[in-house]
Number of protein chains: 2
Amino acid sequence: MDVITAIHTRRSVRAYTDARVDAEAVRTMLAAAMTAPSAGNGQPWEFIIVDDAARMAKIPEIHPYAGMAPKAPLGILVCGNTAKEKYPGFWVQDCSAATENLLLAAVGSGLGAVWLGVYPVQDRVAAFAAFFELPEKVIPLSFVVIGHPKQEQQRQDRFDAAKTHLNAWQKGKFPQF
Amino acid sequence: MDVITAIHTRRSVRAYTDARVDAEAVRTMLAAAMTAPSAGNGQPWEFIIVDDAARMAKIPEIHPYAGMAPKAPLGILVCGNTAKEKYPGFWVQDCSAATENLLLAAVGSGLGAVWLGVYPVQDRVAAFAAFFELPEKVIPLSFVVIGHPKQEQQRQDRFDAAKTHLNAWQKGKFPQF
């Protein structure tokens, strides 16, 4: 699938068929995530693959918006490993770019996914860290729930010229917008 | 270009030809950025398009790694608008996903780009905010320098099985890795 189409058809998908996610797609998504840009190319990330149905069933106990998780075949917890940061303070951006790549690779693999925010909500961070037995320097950023979507996603374009500025905040608009 | 190929050929591009970036590509990149996921779909972002050569020439004065900026035809400053956040604390993640979409749309448009980190380095944040006359609640996250790349980018795959974990930190590895 074309990259621009993938970006515009990526939606938060919360309803899945019963089909499993095959191992090749899991690798494709993780390779995409790990090829994201990162500060100083530090790649300060770790990924917990969750394919155990009993564990997926418990995710709603630690995240308030995870009602879809028990019916999903797969989850991936994206974590920052602050011990691997080259430029302190950038791990959130690095792991967010990785999460977005993961979501786009899901679309490109015919899958649907939803990004559940964990960090910086402290009780969620603590609950995910405990549930997944993370070491102290590994911080959960996002939990991505993944499956085969029940419905096809419509293309959308959220371009908004009002959010663009030319050369400085007040100077004007890009003439072609 | 295929989404998976775009993800794997996106590199930090710092050498550009003299060609301008056309308006259609600018819109494509900004539409991609604005279609990124965001917490509660709050879309708390703003974009400063920089096409003024005199302003691009001054970027190295406010960023230590912006030596390529004076020779680039275009820059885009990605900012968080904290007044538009639906879930406080998530704007960095939202704007990082937007930045990654922008970079991938650049690749899909035949362009090359590099993500220069601004936030959370406080002197850079202050310098960019002053230079671009940002209001108080608008915080610069990243400055993306964009042009037509002088060289073709090689595909890379940073997949690293050592950064994967199955169902919990210590439980084991995904069997197919």
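## Where the two α4 helices meet

Helix α4 of chain A passes α4 of chain B in a right-handed crossing (the near helix is turned clockwise from the far one by less than a right angle; anticlockwise would be left-handed). Both helices span residues 91-108, and their axes come within 8 Å and cross at roughly 55°. That makes the pair oblique, because angles under 35 degrees count as roughly parallel, over 145 as roughly antiparallel, 65 to 115 as roughly perpendicular and the rest as oblique.

On the α4(A) side, the contact uses Val92(A), Gln93(A), Ser96(A), Ala97(A), Glu100(A) and Asn101(A). From α4(B) come Val92(B), Gln93(B), Ser96(B), Ala97(B), Glu100(B) and Asn101(B). Contact here is C-beta atoms, placed from the backbone, within 7 Å.

## How the copies relate

This is a predicted model, where local features need pLDDT of at least 70, side-chain atom pairs need 80 or more, and totals for chains, interfaces and linings use all residues. Residues are numbered from 1 along each chain as its sequence is written, while chains are lettered from A and ligands numbered from 1 in the order written.

A turn of 180° with a shift of 0.0 Å along the axis lays chain A on chain B with an RMSD of 0.0 Å (least squares on C-alpha atoms of residues with pLDDT of at least 70 in both). The two copies are thus related as by a two-fold rotation axis. The same surface serves both: 100% of the contact residues of chain A recur in chain B.

## A look at Phe174(A)

Phe174(A) sits in the segment after β5 (164-166) of chain A. This residue touches Thr164(A), Leu166(A), Val26(B) and Ile49(B), leaving aside residues up to four places away in sequence.

Definitions and conventions:
Two residues are in contact if their C-beta atoms, placed from the backbone, lie within 7 Å. Helices (H or I, at least four residues) and strands (E, at least two) are DSSP runs, numbered from the N terminus. Axes are lines fitted to C-alpha atoms, for helices over the stretch in contact, and angles run from 0 to 180 degrees between N-to-C directions.
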